[in-house]
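Reader: I would like a close look at one part of this structure, the nonpolar core. Which residues make it up, and what surrounds them?

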Amino acid sequence: MTPAMHFRVKDLLESAGLTEGFSVQSLLWEDSGKLTDRFIVVRPSGGSNIDPTLSSDYYVLVDVISAKGLTEYKKADATVQRIIEFVQKNPVSPCVGKIDNLGGIPSPVTTTEKRLVYRLQFVCTYGE
């Protein structure tokens, strides 16, 4: 499968306009050091056995990382809500197959710099 599923999810979010105002990264968060920057990091998170004759489940983590400050926390929260709503309204895509949110919206954690980090998990069921 090319590209990898986490890249497909990243492309889906970008093409839907859900990453606007955020620096989008894959695999690893690389902080710019500017507390005014926002990030979305998309990475693989396991899944079911990959069988070329059946569809398989691919888990993908999407971390939404705020800039610092109350207004910024609200912007990150609104982005999380938009991502969840988009997936609920568009559960099937030729790019990722069927996409579902796993675990709802978890409580955000804070970094040492006082950024909020929401870790969303999705399952993409895909097979050709």
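Author: What follows describes the core, two of its residues, and then a patch on the surface. The model is a predicted one, and every value below is computed from it.

The largest nonpolar core has 25 residues. Among these, Met5, Val9, Val62, Val64, Ile99 and Phe122 touch the most other members. Two or more residues each come from the helices and strands α1 (5-15), β2 (39-47), β3 (56-65), α2 (70-89) and β7 (116-126). The largest share belongs to β7, which gives 6 residues.

Take Val9 to begin with. Apart from neighbours within four places in sequence, Val9 is in contact with Val42, Val60, Val62, Val96, Ile99 and Cys124.

Next comes Phe122, which sits in strand β7. Is Phe122 buried or exposed? Its relative accessibility is 1%, and buried means under 20%, so Phe122 counts as buried. With neighbours within four places again set aside, the residues in contact with Phe122 include Tyr58, Tyr59, Val60 and Val62, as well as Ile83, Ile84 and Val87. Ile99, Asp100, Asn101 and Leu102 are also in contact with Phe122. For Val87, the separation from Phe122 is 35 residues in sequence, while the C-alpha atoms of the two are 9.2 Å apart in space.

Nonpolar residues also occur on the surface: Phe7, Leu27 and Leu28 form a patch there, with about 280 Å² of accessible area together. Leu27 lies in the loop between β1 (23-26) and β2. The relative accessible area of Leu27 is 47%, so Leu27 is partly exposed.

Note on methods. Residues numbered from 1 in each chain as written. Predicted model: local features only at pLDDT ≥ 70, side-chain atom pairs only at ≥ 80, totals over all residues. Heavy atoms only, no water. Core = buried A, V, L, I, M, F, W, Y, C linked by side-chain atoms within 4.5 Å. Buried < 20%, exposed > 50% of the residue type's maximum accessible area, 1.4 Å probe, protein only. Helix = DSSP H or I, 4+ residues; strand = E, 2+ residues; numbered from the N terminus. Contact = heavy atoms within 4.5 Å. Patch = residues over 30% accessible without salt bridge, like charges linked within 9 Å, V, L, I, M, F, W, Y side chains within 5 Å. Areas by Shrake-Rupley, 256 points an atom, 1.4 Å probe, with all protein chains shown as cover. Salt bridge = Lys/Arg side-chain N within 4 Å of Asp/Glu carboxyl O.
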